[in-house]
Structures are given as structure tokens and as C-alpha cells.
Amino acid sequence: LRNMRRGGWRTAQEHMRSLTNGRCRFYAEALEENSHYAGANLRLDRTSFQYFHYDWPGECRTRTERSAEQDVVLYIPLAGGFTAQQRARTVDVKTGDILVVGTAGEIRRTWLGRCELLNVVLPLEALNRLLVTEYGVDTHQAIQFEPLTLIDSDRVPTLMKFIESIVRDAVTATPVFADPIAARPAQATLLHILLRSLPHNHRDRVCSERNAIAPYYV
């Protein structure tokens, strides 16, 4: 990606703080500046695609504070894996998994050695608005996910292929989704796919059969 940041642990620490407005802190056992970090961020309307590459000899950790209004995050390991903990739940996330984080509370991650990660940060307000306008969900019934939902990416191929298409477009000479006119409907499509692919409290309503022409309120 064009805005790739490269460096050591200081670069990693500063970059993660800037991407999360100070909510995420990075810690590493080995603080040598020759330890490798690379990170980049891509925007699709209000959705953020964050790429991280770590190559450390020792253990690495992050601690991220989440509020109830925080956006939904998909953690997608591209190489390596990590352990995540929130409240009393702990999961091991490996390449080929998707970790869905959509609940309040501190998230702790730990890993060793090389790790490549893609985070997809999806606007919570847009997800809830889509549920109201397109599926008739009551405005007071916000979307909810179970803490640290772990999904096999092979079970959601449409979601993965669409995310891959967006990222691949970003490295072309003339990215289509760099144009806001294309980015807005692309984000809406991504949110629709997510609502139909991942488990949440309104999944049955979203996936129920309905008239292909008339909207829900007709």
C-alpha cells in the first residue's frame, strides 16, 4: 500500500496509537530497532482496512480499550497467529480464521515471531442504520456479537473474496474505490455481506426470505 509505515518497535507503537486514537498500546520483549514492523491503512468510505506486519524474536502484546459504541473489527491473520482474551474468554486465532470483536471491554493479544494481520474496522452506526432501513429492525435493538466470535474463513467465502477485491484494488495504478462515488456503495455491499455472513442477534431476520422487489415495510 502507498502509505506503508516501516521501522522498529517505536514505529509500531506510534502507528497503532495513531490508528486507534490512543486506545491500542503495543508492547514487545525485544526492543531492538532492527526488529521489523510495517503497517498501512486504507479507507473505504467510513470503513478502515489496517495492515500490520511484525517480525520480532520475542513475545509481542497489544492492549486495546473498547467501549460499547466502538466499531466492529474483523481480525484476519494472513500469516502466523495470536491469542486473544476479553473478559473470561480466551481464543487461539490462526491463519484461516476470522476473529469478530464487537463487544465492550479490554482486548489483549499475544503472539511470538512473525505475524501478518489485516484488520477490517466496520462502522457500527452504519451497520445499525442498515438494519433499520433495509431489514426493519427496531431502532433500539442494536446489533450485538458474542465476545470474541471465531469464524473459519472457508465458511464465508463471499465476504473474504470481497475484502480481497477491495485490498487488491488499492494497489492498482488507478484504484476504483478511491473515488467516493464508488466507495459508498462498495461499503454498503460489504456491510450487507457481513450481516448475512457472520453470527449476530439479528442474523435470522436478515437471512429470512422476503419479497425480492418490495422493501420490508411493504
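**Strand pairing and nonpolar cores**

Strand β1 (residues 5–7) pairs with β3 in the antiparallel sense over three bridges, where pairing requires that DSSP finds at least two bridges between two strands. Helices (H or I, at least four residues) and strands (E, at least two) are DSSP runs, numbered from the N terminus. The model is predicted: local features need pLDDT of at least 70 and side-chain atom pairs count only at pLDDT 80 or more, while totals for chains, interfaces and linings use all residues. Residues are numbered from 1 along each chain as its sequence is written, and side-chain values use heavy atoms, with hydrogens and water left out.

Within β3, tyrosine 37 is the bridge partner of glycine 7. β3 also runs antiparallel to strand β4 (residues 47–64), to which nine bridges join it; here histidine 36 stands opposite aspartate 55 of β4. The two strands form a hairpin with two residues between them, and aspartate 45 in the turn has a positive phi of about 55°. Strand β3 (residues 36–44) is largely enclosed by the rest of the structure, because seven of its nine residues are buried (under 20% relative accessible area, 1.4 Å probe, protein chains only).

The largest nonpolar core (buried Ala, Val, Leu, Ile, Met, Phe, Trp, Tyr and Cys residues joined through side-chain atoms within 4.5 Å) has 36 residues, of which Phe49, Leu74, Ile163 and Leu198 touch the most other members. Elements giving two or more residues to this core include β3, β5 (72–79) and α4 (180–197). The most, seven residues, come from α4. Another core, of 26 residues, lies apart from it and has Trp9, Met16, Tyr75 and Val91 among its members.

Technical notes:
Buried < 20%, exposed > 50% of the residue type's maximum accessible area, 1.4 Å probe, protein only.
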